Amino acid sequence: MKKSRIVIQMIVVIATTLLAFNSLAQKILRVGVAGLAHDHVHGILNQYKKGEVIIAGISEADEQLVNRYKKDYQLPDSLFFRNLESLLAHTKPDVVLAYTPISEHISVVEICAPKGIPVMVEKPLATTVKDAERMVALAKQFHVQVLTNYETTWYNSNQQIYAMVNSQHAIGEIRKMTVHDGHQGPVEIKCSPDFLNWLTDPVKNGGGALMDFGCYGANLMVWLMNGKAPIAVTAVTHHLKPLIYPKVEDDATILLEYPDATGIIEASWDWPFGIKDFEVFGTKGYLHALNGNTLQQRDKDIYENVTLRTADYTNNIQYLSDVLSGKLDPGHDLSSLENNLIVVRILNAALESAKEGKRIKL
């Protein structure tokens, strides 16, 4: 009798273990890739090579792009489709990831949402408020997630700042936030010609450095302020390298006004090196995320390094898996539609402010 009980227990353990492995296997997302013209597509292709994600299909009309990525990542012909409609007619992805020019994000959502397929786009959400609001309407109408991916979302340091400010109240009330985001310039750091073709176009990208890097700061500040939009936006832009970037600004400073706080976003394609940092000044102290893995705190005169805990999510695929399974509600987080609609409103107000030379109320 005792042996029978032990055998039954072993069977239960084995069955439970197999179910757990099965469950883990099912969590590997099948993604559709819309477009290859964005250099950030290397991220998902590397995740595919590591077995972290399944690519159901890739839509791209440009043959030279298709051939280049086929060769670089040893991708089979069967993965490629001329357009997104064809991809969705032949495959069943859990989500579509957009690597198109920003102005084409709206088209991706218009194709996917009526089919009940979630979408994640690369930052920012859209080039215009009209497109962003249309995406919100489609997401609500068809009950699908439309999310935005930022590199800085997955920084342990930024996640720690949020916890220290909003949960631990470590530095008191926020009074000023500063975000520096920039590098030497997309030409100077040797972005691909296909990426440069639209990144430096005022329509396809919506602007230059202001859109490309200004979105990071707006995203972080709206998040840290718990989803609240600023009351006004003021911006100054410069065109320091007109021979390299003839159509768009390459440097921008954006001021966000909150009732009791100020946000300063410095976005540039004119710096001697790349930087993505985040400073927060409170009534009792100061926090400075120097990069994704280094956070300093200062209460009076001494800077102290903060020990970082590993963030719950370290990339967009882990996050997407939990959102799509219902385990996680985006709420007002960094990828959420609510946050990124405000981000687009801020960016469009900044463009208007720089053009008109005046403060723009939101």
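In this predicted model, the buried residues of helix α11 pack against α6 (129-142), β6, α9, β8, β9 and β15 (360-361). Helix α11 itself covers residues 337-356, which makes 20 residues, and stretches 28 Å from its first C-alpha to its last, close to the 28 Å expected at 1.5 Å a residue. Its buried set takes in Leu-337, Asn-339, Asn-340, Leu-341, Ile-342, Val-343, Val-344, Ile-346, Leu-347, Ala-349, Ala-350 and Ser-353. As a bit of background, an α-helix has 3.6 residues a turn, so residues three or four places apart point the same way. Just past the end of α11 comes Gly-357, with a positive phi of about 70°.

Two of the strands that α11 packs against, β8 and β9, are also partners of each other. Strand β8 (residues 232-238) runs antiparallel to strand β9 (residues 251-257), and seven bridges hold the pairing. Within it, Ala-235 has Ile-254 of β9 as its bridge partner. Strand β9 also pairs with β10 (residues 262-268), again in the antiparallel sense and over seven bridges. Here Ala-252 sits opposite Ala-267 of β10. Four residues separate β9 from β10, and the two strands make a hairpin.

Next come the aromatic rings. Across the whole structure, a search turns up ten aromatic pairs. In one of them, Tyr-150 and Tyr-216, the ring centres are 5.8 Å apart and the planes meet at 65°, so this pair counts as edge-to-face. Tyr-150 belongs to the loop between β6 (146-149) and α7 (156-167), while Tyr-216 belongs to helix α9, so the pair ties together parts that are 66 residues apart in sequence. Both of these tyrosines are buried. A second pair, Trp-154 with Tyr-319, has ring centres 5.5 Å apart and planes at 55°, which makes it a tilted pair because edge-to-face needs an angle over 60 degrees. Trp-154 sits in the loop between β6 and α7, and Tyr-319 in helix α10 (residues 316-324), so this contact ties together parts that are 165 residues apart in sequence. Trp-154 is buried at 13% relative accessible area, and Tyr-319 is buried too, at 3%.

Tyr-150 and Tyr-216 also belong to a cluster, linked by ring pairs, that includes Phe-213. Phe-213 has a charged neighbour as well: the charged end of Lys-123 sits over its ring, 5.9 Å from the centre. There is a similar arrangement at Phe-80, where Lys-70 lies over the face of the ring at 5.5 Å from its centre.

Lys-123 leads on to some backbone oddities. For context, most residues other than glycine have a negative phi, and most peptide bonds are trans. The bond from Lys-123 to Pro-124, however, is cis, with omega near -15°. Pro-124 is part of the loop between β5 (119-122) and α6. At His-143, phi is positive, about 55°, although this residue is not a glycine. His-143 lies in the loop between α6 and β6, and with a relative accessible area of 71% it is exposed. Lys-190 is another non-glycine residue with a positive phi, here about 65°. Its place is the loop between β7 (174-182) and α8, and Lys-190 is exposed, with a relative accessible area of 71%.

Two loop threonines round out the picture. Thr-200 is found between α8 (193-199) and α9 (209-224). With a relative accessible area of 18%, Thr-200 is buried, because the cut-off is under 20%. Its side chain reaches back to the backbone oxygen of Leu-196, at 2.7 Å. Leaving aside residues up to four places away in sequence, Thr-200 touches Tyr-245, Lys-247, Val-248 and Trp-269.

The other threonine, Thr-91, lies in the loop between α4 (84-90) and β4 (95-98), and at 9% relative accessibility Thr-91 counts as buried. The side chain of Thr-91 gets to the backbone oxygen of Leu-87 at 2.7 Å. Again setting aside residues up to four places away in sequence, Thr-91 touches Ala-56 and Phe-81. Gly-57 is 34 residues from Thr-91 in sequence, yet their C-alpha atoms are 7.0 Å apart in space.

Notes: Residues numbered from 1 in each chain as written. Predicted model: local features only at pLDDT ≥ 70, side-chain atom pairs only at ≥ 80, totals over all residues. Heavy atoms only, no water. Buried < 20%, exposed > 50% of the residue type's maximum accessible area, 1.4 Å probe, protein only. Polar contact = N/O pair within 3.5 Å; in protein donor to acceptor, adjacent residues only side chain to side chain. Contact = heavy atoms within 4.5 Å. Pairing = 2+ DSSP bridges. Phe/Tyr/Trp six-rings, centres within 6.5 Å; stacked < 30°, edge-to-face > 60°. Lys NZ or Arg CZ within 6 Å of the ring centre and 35° of its normal. Expected span 1.5 Å × (residues − 1).
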